[in-house]
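Biologist: Hello! Could you walk me through how the labels on this model are decided?
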Amino acid sequence: ALQHSGIYDVKGELQPYLSKIPFVGYTVVEEHLAPAELQKRELERIQEAIADKEQILSNKELELAERESNLKQETELLEQRRRQIREVENKLAEQAKTEDDLNLRLNRLVDIYSAMPPDAAARQIEYQEEELAIDILKRMKTDVVAVILSQMSKERAGSLTLKMGKSESVTQ
C-alpha cells in the first residue's frame with residue numbers, strides 16, 4: 001500500500017543487510033529475535049565481560065606477586081644491612097672498650113712513673129717498647145719528661161724525642 005502511494009519501506013528492505021554491518025564492535029541486530037536468543041546473546045556478552053575482568057584481575061595478581069617478591073628481596077637486603085651495622089657497632093664498642101682499657105693502663109703507668117725519681121723512671125722507660133714509651137711520655141707533664149729524658153742515653157732520648165715530635169705533628 002505504501003509502495004503504491006510512493007512511500008517505500010526502506011528499513012524493512014535493508015534490514016537483512018544492516019544486520020551484517022559491524023558498528024563499533026557490535027553488529028546491528030534484527031529487531032525480531034526471540035527472547036531466548038536475546039537472553040543467550042546478553043549472557044554471552046556478560047560472559048565475555050567477566051572473562052575480560054578475570055584477565056585484568058589475573059594480570060593484577062601477577063603484578064602484585066612480583067611487587068611482593070621485590071619487597072621481600074628488599075626486606076631481606078635491609079635486614080642483612082642491619083645485621084652488618086650491628087656487627088660494626090659491636091666491633092666499634094669493643095674497640096672503644098679496648099681503647100678505654102688501654103688509656104686506663106697508660107694513665108696508671110704515667111702516675112707510677114711520675115711518682116718515681118726521674119733517674120729510676122728514665123731507666124724503666126728507656127727499656128720499654130718505643131710506642132709505649134712515647135705514649136707514656138706524651139701523657140706526662142713537660143717538666144717531668146724533660147728531666148726523665150735527660151737521664152736516658154742520648155741515642156734513646158733523641159729517638160724518642162724525634163718520634164714524639166713526628167707523631168704530634170701528625171695528630172695536630
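Modeller: Gladly. A salt bridge here is a side-chain nitrogen of Lys or Arg within 4 Å of a carboxyl oxygen of Asp or Glu. Keep in mind that this is a predicted model.

Biologist: What makes Arg67 and Glu63 a salt bridge?

Modeller: Their closest N and O atoms are 3.1 Å apart, and the cut-off is 4 Å, so the pair qualifies. Arg67 and Glu63 are four residues apart in helix H2 (residues 35–115), which means about one helical turn separates them.

Biologist: Why is Arg67 called exposed?

Modeller: Exposed means over 50% relative accessible area. Arg67 has 56%, so it counts as exposed. Glu63, at 35%, is partly exposed, because its value lies between 20% and 50%.

Biologist: How do you know that Lys163 forms a salt bridge with Glu130?

Modeller: The closest N and O atoms of Lys163 and Glu130 are 2.3 Å apart, and that is within 4 Å, so the definition is met. The pair links distant parts of the chain, with Lys163 in helix H6 (residues 154–171) and Glu130 in helix H4 (residues 130–139), 33 residues apart.

Biologist: And what makes the buried residues of H5 line one face of the helix?

Modeller: In H5 (residues 142–150), the buried residues are Val145, Ile148 and Leu149. Looking down the axis of H5, these residues fall within an arc of 95°, so they line one face. The face turned away from that buried side carries the exposed residues Asp143 and Ser150.

Terms used: Residues are numbered from 1 along each chain as its sequence is written. This is a predicted model: local features need pLDDT of at least 70, side-chain atom pairs count only at pLDDT 80 or more; totals for chains, interfaces and linings use all residues. Side-chain values use heavy atoms; hydrogens and water are left out. Buried means under 20% relative accessible area, exposed over 50%, partly exposed in between (1.4 Å probe, protein chains only). Helices (H or I, at least four residues) and strands (E, at least two) are DSSP runs, numbered from the N terminus. The arc is that of the directions from the helix axis to the C-beta atoms.
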